[in-house]
Every structure is written in C-alpha cells, then in structure tokens.
Amino acid sequence: MRIDSIAQSWSVISGAADPIRAARAMSAVDTHLIRRDESLALLFTPPFDRTIADPGYIKGYPPGIRENGGQYTHAATWSVIAYALLGQGNNAWELFSLLNPINRTSTRADVHRYKVEPYVVAADVYSVAPHVGRGGWTWYTGSAGWMYRAASRDPGISRAGNELAPDSVHPEKWPRFEIVYKYRSSRYEILIDNPWPSAAA
C-alpha cells in the first residue's frame with residue numbers, strides 16, 4: 001500500500017499535522033485516490049493481493065472490493081470534511097458530488113453499472129474490473145451519517161454562545177447560497193452572496 005486516505009484526511013481533521021504538510025496530504029489524495037473518470041474515491045492503493053504481508057481481514061476481500069482498495073464511503077466523506085477544513089471548497093464540493101448516490105445513476109449505463117439503489121448511501125463502491133463502479137452494501141447508516149455531517153458542515157454556520165456566524169466553505173462558482181438554520185424554537189434564513197465568483201464558472 002502506498003497511500004491511505006484515512007491517515008491523510010485525519011491529519012487535517014485532528015489538527016495534529018503541520019498545515020503545510022496537511023495540505024500536501026490532501027493534494028496526494030487528489031492525485032492518487034480520486035478517479036474522476038470512474039467517479040471513485042479510493043480508500044487506499046494498491047489493493048492487498050500481491051503481498052505476503054497480512055494486513056488482517058481486509059485481505060479476505062478480493063482486490064477493489066470494500067476495504068481492500070475500493071471506495072469505502074466512510075473514509076471518502078472524511079476527505080470531504082478535510083478539504084472543507086482546509087478551505088478548499090471546490091475540492092470538497094466536487095468530492096461530495098462524486099459520492100452522492102443519485103449522481104451514479106444519471107444514464108441507463110450508469111444504472112447497470114451501479115446495480116444498487118440510488119437513493120441511499122452505499123458503504124462501498126468497487127474499483128477493479130469487471131465490477132468498477134458497482135455499489136456494495138447499501139442502507140449503510142454509518143456512511144450516511146458521515147455524508148450528512150459533511151453536507152451540513154460545508155457550507156455551514158458556527159455558533160458561539162448566542163452568536164451565529166457564517167462558517168462556509170463553498171465552491172467559487174456559486175454566486176450565492178441560502179442556509180436555513182434551526183436552533184431551539186428559532187429559524188434563521190441566511191442568504192450569502194459570494195463576493196468572488198469564479199470567472200471560469
């Protein structure tokens with residue numbers, strides 16, 4: 001194994017890594033683990049299939065299935081959160097969109113490849129032929145919970161005592177967005193204009 005997204009992402013989420021090294025760690029995730037052409041965010045690469053080392057139960061899965069080098073959705077959502085914490089709204093939103101199950105069934109070919117429900121989160125998506133892009137264990141509440149947390153964190157609102165403040169990390173191309181925030185018996189509707197929309201958008 002050359003790179004594992006959990007170590008990379010949690011170097012950011014934990015706050016333990018030097019900021020420069022944390023940014024480099026997530027750049028390596030983008031370079032080595034995000035496969036845009038296949039809409040995959042791998043857990044690690046390469047899979048354990050040609051090694052005498054025994055990493056434990058994950059080697060029991062075929063290469064590219066579940067934790068053995070496939071997309072493991074828990075870990076992929078942690079990468080979304082790490083990008084957001086680094087202020088990289090474009091990367092966070094792109095990866096969240098890639099993970100969104102509804103985006104895996106846009107065409108008939110996509111439906112036949114994914115083979116599972118597009119309205120719930122799959123724990124994993126396979127990464128090795130002939131099953132590239134096939135969804136695994138669906139209705140996986142742990143991954144769904146982390147996806148919800150990633151979505152509600154980016155963009156979001158931070159609260160300190162009785163004060164609310166925008167805590168948003170959003171794509172540059174969004175000209176504006178609205179947040180509806182409920183706290184106890186109050187409802188806040190907040191419209192945020194992006195002062196620097198991307199010229200390329």
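## Starting in a loop

Where is Asn 103 found? Asn 103 sits in the loop between α4 and α5, the latter being residues 108-114. Keep in mind that everything here comes from a predicted model.

Is Asn 103 buried or exposed? Neither, quite: its relative accessibility is 40%, and since the partly exposed class lies between 20% and 50%, Asn 103 counts as partly exposed. Along the chain, Asn 103 and Ser 39 are 64 residues apart, yet 9.3 Å separates their C-alpha atoms.

## Helix α3, mostly under cover

Now over to α3, which runs through residues 73-85. With 13 residues at 1.5 Å each, α3 should span 18 Å, and its end C-alpha atoms are indeed 18 Å apart, so the two values agree.

Most of α3 is covered, with twelve of its 13 residues buried. Going along the helix, the buried ones are Thr 73, His 74, Ala 75, Ala 76, Thr 77, Trp 78, Ser 79, Val 80, Ile 81, Ala 82, Tyr 83 and Ala 84. Just past the end of α3 comes Gly 87, which has a positive phi of about 80°.

## How α1 packs on α3

Two packed helices are described by the angle between their axes and the distance between those axes. For α1 (residues 5-13) and α3, the angle is about 35° and the axes are 8 Å apart. Their crossing is left-handed.

Which residues make the contact? From α1 come Ser 5, Ile 6, Ser 9, Trp 10, Val 12 and Ile 13, while α3 brings Ala 75, Trp 78, Ser 79, Ile 81, Ala 82 and Leu 85. Sorted by class, this contact between α1 and α3 has nine nonpolar residues, three polar ones and no charged ones.

## The nonpolar cores

The largest nonpolar core has 28 residues, and the members that touch the most others are Ala 41, Val 80, Leu 95 and Leu 99. At least two residues each come from α2 (19-32), β3 (40-41), α3, α4 (89-99) and α6 (141-153). Helix α3 gives the largest share of this core, six residues.

Take Ala 41 as a close-up. Leaving aside residues up to four places away in sequence, Ala 41 touches Leu 33, Ile 34, Gly 70, Gln 71, Tyr 72, Ala 76, Leu 95, Leu 98 and Leu 99. Apart from the largest core lies another one, of nine residues, with Phe 44, Phe 48, Ala 75 and Tyr 140 among them. Ala 75 has already come up here, as one of the α3 residues in the contact with α1.

Key
Residues are numbered from 1 along each chain as its sequence is written. This is a predicted model: local features need pLDDT of at least 70, side-chain atom pairs count only at pLDDT 80 or more; totals for chains, interfaces and linings use all residues. Side-chain values use heavy atoms; hydrogens and water are left out. Axes are lines fitted to C-alpha atoms, for helices over the stretch in contact, and angles run from 0 to 180 degrees between N-to-C directions. Helices (H or I, at least four residues) and strands (E, at least two) are DSSP runs, numbered from the N terminus. A crossing is left-handed if the near helix is turned anticlockwise from the far one by less than a right angle, and right-handed if clockwise. Contact means heavy atoms within 4.5 Å. Ala, Val, Leu, Ile, Met, Phe, Trp, Tyr, Cys and Pro count as nonpolar, Asp, Glu, Lys and Arg as charged, and the others, Gly among them, as polar. The expected span of a helix is 1.5 Å times one less than its number of residues. Buried means under 20% relative accessible area, exposed over 50%, partly exposed in between (1.4 Å probe, protein chains only). A nonpolar core is a set of buried Ala, Val, Leu, Ile, Met, Phe, Trp, Tyr and Cys residues joined through side-chain atoms within 4.5 Å.
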